[in-house]
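Please open the model in your viewer, with a cartoon for the backbone and sticks ready for the side chains, and follow the stops below in order.

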Amino acid sequence: FFGLPLTPVPLSLSLQAAAGILCYIGAYVFITYDDYDHFFEDVYTLIPAVVIIAVGTLLFIIGVIGCCATIRESSCGLATFAAILLLVFVTECVVVVLGYIYRAKVEDEVNHSIQKVYNEYSGPNTDAPSRAIDYVQRQLHCCGIHNYSDWRNTRWFKESKNNSVPVSCCQPNINNCTGTLTRPADLYQEGCEALVVKKLKEIMMYVIWAALTFASIQMLGMLCACVVLCRRSHDPAYELLVTTNSYA
């Protein structure tokens with residue numbers, strides 16, 4: 001019973017920790033998507049990441065309000081704490097829904113734009129789309145859209161006329177690889193389209209699971225705040241104890 005008024009304090013501190021984690025996840029999504037942004041055109045795909053960063057910032061403020069309200073035994077502060085937690089809980093539910101919606105759209109987005117990106121390739125270390133393709137092929141260990149033979153249909157391949165794909169298609173354990181198609185065993189065998197889709201869906205799942213996990217923390221916070229408020233309003237002995245402790 002004596003510990004009941006301070007129950008939300010560790011919870012408020014955990015909300016502040018959760019705020020940091022949510023902001024980190026949102027920033028990670030932004031940074032990672034920046035490496036793949038040439039492969040999709042719908043900027044709204046980043047909305048869940050934007051919302052989760054906003055929620056993380058709000059959670060930090062909520063944690064401070066919760067600590068102050070609990071220490072001062074403020075009914076108004078605790079009511080505000082619970083109300084804002086409810087708002088954040090609803091927001092995180094929206095993040096989960098948006099995450100699933102945009103996760104389903106990732107494949108269509110990549111399928112729609114990847115051919116265009118490969119056709120715009122103009123050589124290593126030239127423009128941003130070309131650097132993005134080289135980065136993805138090295139990072140995901142892939143070559144071409146479906147496989148390395150897709151490079152034959154690109155403008156860069158036809159203009160270079162050297163029967164070679166970019167050296168970013170070369171497997172790292174192969175020495176003196178030039179990307180020539182006369183030695184296809186030196187190249188990555190898997191295409192990039194499926195791997196880019198898989199990577200982007202994994203990133204979106206991080207957002208979804210983070211929102212679900214911390215939504216449960218918000219629910220616990222609301223319950224704790226409501227218990228304290230109900231006890232203050234219905235238990236005269238509790239009110240007397242709080243008053244005595246305050247004077248002490």
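Begin by selecting lysine 161, which sits in the loop that links α5 to α6. The model is a predicted one, and in it the phi of lysine 161 is near 50 degrees, a positive value in a residue other than glycine. Most residues other than glycine have a negative phi, which is a reason to pause at this stop. With a relative accessibility of 74%, lysine 161 counts as exposed.

Stay in that loop and add asparagine 163 to the selection, since asparagine 163 also belongs to the loop between α5 and α6. Its phi is positive as well, near 55 degrees, and asparagine 163 is likewise a residue other than glycine. Here the relative accessibility is 30%, so that asparagine 163 counts as partly exposed.

**The whole chain**

Zoom out now and colour by secondary structure. The protein has seven helices and zero strands, and read from the N terminus the order of elements is α-α-α-α-α-α-α. Colouring by accessibility instead will pick out the buried residues, which make up 44% of the 248 residues in the protein. The protein exposes about 12600 Å², of which carbon and sulfur atoms supply 63%. If you draw a contact map, count the contacts with a separation of 6 or more: residues 24 or more positions apart account for 71% of them.

**The nonpolar core**

Which residues touch the most other members of the largest nonpolar core? Select Phe39, Tyr118, Val136, Trp151, Val196 and Leu200, which hold that place in a core of 51 residues. The elements that give two or more residues to this core are α1 (8-36), α2 (47-71), α3, α4 (128-140), α5 (155-160) and α6 (192-234). The largest share, 13 residues, comes from α6. As background, nonpolar side chains in soluble globular proteins tend to be buried together.

**Along α4**

Select α4 next, a helix of 13 residues that reaches 18 Å from its first C-alpha to its last, close to the 18 Å expected at 1.5 Å a residue. Showing its side chains, you can mark Pro129, Ser130, Ala132, Ile133, Asp134, Val136, Gln137 and Leu140 as buried. Step past the helix to histidine 141, which follows α4 and has a positive phi, near 55 degrees.

**From α4 to histidine 38**

Keep Ala132 on display and select histidine 38, whose place is in the loop between α1 and α2. Although histidine 38 and alanine 132 are 94 residues apart along the chain, their C-alpha atoms are separated by 7.1 Å. What does histidine 38 touch, not counting residues up to four places away in sequence? The contacts are Ser113, Val117, Ala128, Pro129 and Ala132. Histidine 38 itself counts as partly exposed, because its relative accessibility is 29%.

**Two neighbours in α3**

Move to helix α3, residues 75-119, and select valine 88, which lies within it. At 1% relative accessibility, valine 88 counts as buried, since the cut-off for that class is under 20%. Draw a distance from valine 88 to methionine 219: the two are 131 residues apart in sequence and 9.7 Å apart in space, C-alpha to C-alpha.

Then select leucine 87, which also has its place in helix α3. Is leucine 87 buried or exposed? Its relative accessible area is 52%, and leucine 87 is therefore exposed, the cut-off for that class being over 50%. Add Leu58, Phe60 and Ile61 to the selection, and with Leu87 you have a nonpolar patch on the surface, with about 370 Å² of accessible area together. The element that gives the most to this patch is α2, with three residues.

**The salt bridge**

For the last stop, select aspartate 186 and arginine 183 and show their side chains, which meet in a salt bridge with an N to O distance of 3.0 Å. The count of salt bridges comes to one. How do the two partners compare in accessibility, buried or partly exposed? Aspartate 186 counts as buried, because its relative accessibility is 8%, whereas arginine 183, at 43%, counts as partly exposed.

Conventions:
Residues are numbered from 1 along each chain as its sequence is written. This is a predicted model: local features need pLDDT of at least 70, side-chain atom pairs count only at pLDDT 80 or more; totals for chains, interfaces and linings use all residues. Side-chain values use heavy atoms; hydrogens and water are left out. A salt bridge is a side-chain nitrogen of Lys or Arg within 4 Å of a carboxyl oxygen of Asp or Glu. Buried means under 20% relative accessible area, exposed over 50%, partly exposed in between (1.4 Å probe, protein chains only). Helices (H or I, at least four residues) and strands (E, at least two) are DSSP runs, numbered from the N terminus. Contact means heavy atoms within 4.5 Å. Accessible areas come from the Shrake-Rupley method with a 1.4 Å probe; for residues, only the protein chains shown count as cover. A nonpolar core is a set of buried Ala, Val, Leu, Ile, Met, Phe, Trp, Tyr and Cys residues joined through side-chain atoms within 4.5 Å. The expected span of a helix is 1.5 Å times one less than its number of residues. Patches are made of residues with over 30% relative accessible area and no salt bridge: like charges are joined within 9 Å, nonpolar side chains (Val, Leu, Ile, Met, Phe, Trp, Tyr) within 5 Å.
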